[in-house]
Amino acid sequence: MSDNLQAIEALSYEQRKFSPPPTFVQSAHVSDMSLYDEAAADHEGFWARQARELLDWSVPFTQVCEWDLPYSEWFADGKLNVSFNCLDRHVLAGRGDKVAFYWEGEPGDSRVVTYSDLLDEVQKFANVLKSLGVAKGDRVNIYLPMIPEAAVAMLACARIGAAHSVVFGGFSSQALADRINDAEAKVLITADGGWRRGEVFPLKNQADDAVKLTTTIEHVVVVKRGNNDIAMQSGRDHWYHELMAKADDVCVAEPMDAEQLLFLLYTSGTTGKPKGIMHTTGGYLTHVTYTFKYVFDHHPETDIFWCTADVGWITGHSYIVYGPLANGATQVMYEGVPNFPANDRMWSIIEKYKATIFYTAPTAIRTFMKWGTQEPAKHDLSSLRLIGSVGEPINPEAWMWYQENIGGGKCPIIDTWWQTETGGIMISPLPGVTVTKPGSATFPVPGVGAELVDEEGNHVSKGGGYLTLTKPWPGMLRGIWGDQKRYRETYWSRFAGRYFAGDGAKLDDDGYLWLLGRVDDVMNVSGHRISTTEVESALVSHPSVAEAAVVGANDAMTGQAIIAYVTLRGGLEVNEQVLREHVATEIGSIAKPKAIYFTPDLPKTRSGKIMRRLLRDVAEGRNLGDTSTLADVSVVSELQRRAAETPSED
Ligand code: WT7
């Protein structure tokens, strides 16, 4: 780890500063420091006020935070229903005709879904789930494209107290099966297929392969979207539209305990097995509703919000489904890729729906930069008033490009740092008050305690360190499904009494935080977390592979790129492409290595530990540091020679 810290120290930072534009400040929810002061003065009181003001409780809470490290409970004696807060209360207040989603399909078809429509669908689908035997406390797996039914399915689970586990549609059948098995899900909700890059990608076939590897799935519900041919297994598989046509209209939202499990979301850690991150009801909803309102400075009457994430990731959970809907937001939801039919698709969608807030990832911004300024220039983006970024550090160059070419020089940028585990945004500017610097996520939001520490856990007030969170917060994970030992070890053992995020960061002279990436064996590829061990296990599961070492190397477009070093079993040969496809089958396309180097040996210490640092140096073309602990130095020089020779795939 000290290697990483040194790398962090070496990085310089930006001097440019941008104040919130006066016109933005005028109408901003937060335009002074009072929210920060209030939270600093009374942490629990602050969160209790947010929970009471922003949410409707069926039974008001009297307890705020019960903190028994590493476990927290928030608002534990209160009761509320998440789907009631996201839907019913808006309809009851007369806002049923307000648009919840302007949905845009990739082929160009579209749907307008109002809050009333959404409430009707959710009630019916909640009844469908009940009719399939789903009860409070059960787990339901969701494997869908970006269609409104994804939100319907999630909210229907919440309505009846079943926990959902959404698996990103790009994951393989094996990855889906692993997640179903770990969660012991009863029902799987999928689609025939979805649109991507002008073609239908099959989901139901993948789902069928996954279900073969599981024992707990009793029913599969299939939404018709791709119109591709699929097989339906009688008794087990049901068409969504057929079940919905028969379902009762009314399903009263049952008040849930604040600590009722709302969902599991699997994310990569440092071992091969993904972790089922647990989020519960009242605290999570408070956190995402609060951050959506204040960090995005959301005004329900005038804003059109567009978050480009997929619902399969935490960003989609917190800032497409729960945060925005609890705030009664009108959103754009888009099914497909940014370059279909052409490289200006995103900008044409912003123009079409007059989006006012746009939230995307740095890797996407760098791709837009590559496509050129003429693409956004073809469209009127003047409706935008705020733009945001999430998922990985945003480099100052991309930040400036985003501000000038998408924000028209007038939109504040919020660079929001958070994690699957944190549930909602933790470090970010508040756009009406924070002076931003390109590339810095700036400061913790009111109600969040963050601190940098050194190797020994001592406070760092300037320079590089490890990012830790010092106080419990309502949206924090409640643990890892079925593995609370791992929960404690992963997040709470590295530094006593604090949550260790796994990220390195730097504090500049003005106290601004600069997030600098993971310091563990987790890679961040295009804003997605993939562990080196996960890819290594996928590689060694191929019969021809004896040993594999995987590192994340800096990459101008995707943040990090997956580089694999592979030794083959004696006498066997295999083509690089075959192994890449094998990883895609085991995990999903997002985990395909960018380059695979075959080597007779991997660099190891004398005790047999693979020296990843050296491999990263080789992959990034750096001069090697200390190689004195290496058992066989010639292994590395051979790898360097090969790296210099082999052009890596783009
Ligand atoms: C990891 C969490 C939060 C939703 C998307 C990713 C990195 C996230 C930023 C940011 C620098 C960031 C961190 C973090 N990360 N946002 N604004 N600046 N790094 O969620 O898959 O749970 O990954 O993403 O490394 O630990 P995730």
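**View 1. The stretch at residues 92-481 in this predicted model.** Over residues 92-481, helix makes up 31% of the chain and strand 23%. The C-alpha atoms at the two ends of this stretch sit 36 Å apart. The name comes from UniProt, where an unreviewed entry puts the feature "domain: AMP-dependent synthetase/ligase" at residues 92-481.

**View 2. The largest nonpolar core, with its 158 residues.** Look for Phe 125, Ile 189, Phe 296, Tyr 322, Val 535 and Leu 539, which touch the most other members. As for where the core draws its residues, helix 7 (residues 148-160) gives the largest share, with ten residues.

**View 3. Leu 539 and what it touches.** Leaving aside residues up to four places away in sequence, Leu 539 touches Val 545, Ala 548, Val 550 and Ala 564, along with Val 566, Leu 579, Val 583 and Ile 596. Leu 539 is also one of the residues that touch the most other members of the largest nonpolar core.

**View 4. A second core, separate from the largest one.** This one has 27 residues, including Ile 350, Leu 381, Ile 387 and Trp 399.

**View 5. Cysteines, and zero disulfides.** A search of the whole structure turns up zero disulfides. Cys 307 is in none: the nearest cysteine sulfur belongs to Cys 86 and is 15 Å away, while a disulfide needs the two sulfur atoms within 2.5 Å. Is Cys 307 buried or exposed? Cys 307 is buried, since its relative accessible area is 3%, and the cut-off for buried is under 20%. Cys 65 is buried too, with a relative accessible area of 11%.

Key. Residues numbered from 1 in each chain as written. Predicted model: local features only at pLDDT ≥ 70, side-chain atom pairs only at ≥ 80, totals over all residues. Heavy atoms only, no water. UniProt positions renumbered as here; feature names shortened; annotations may be inferred. Helix = DSSP H or I, 4+ residues; strand = E, 2+ residues; numbered from the N terminus. Core = buried A, V, L, I, M, F, W, Y, C linked by side-chain atoms within 4.5 Å. Buried < 20%, exposed > 50% of the residue type's maximum accessible area, 1.4 Å probe, protein only. Contact = heavy atoms within 4.5 Å.
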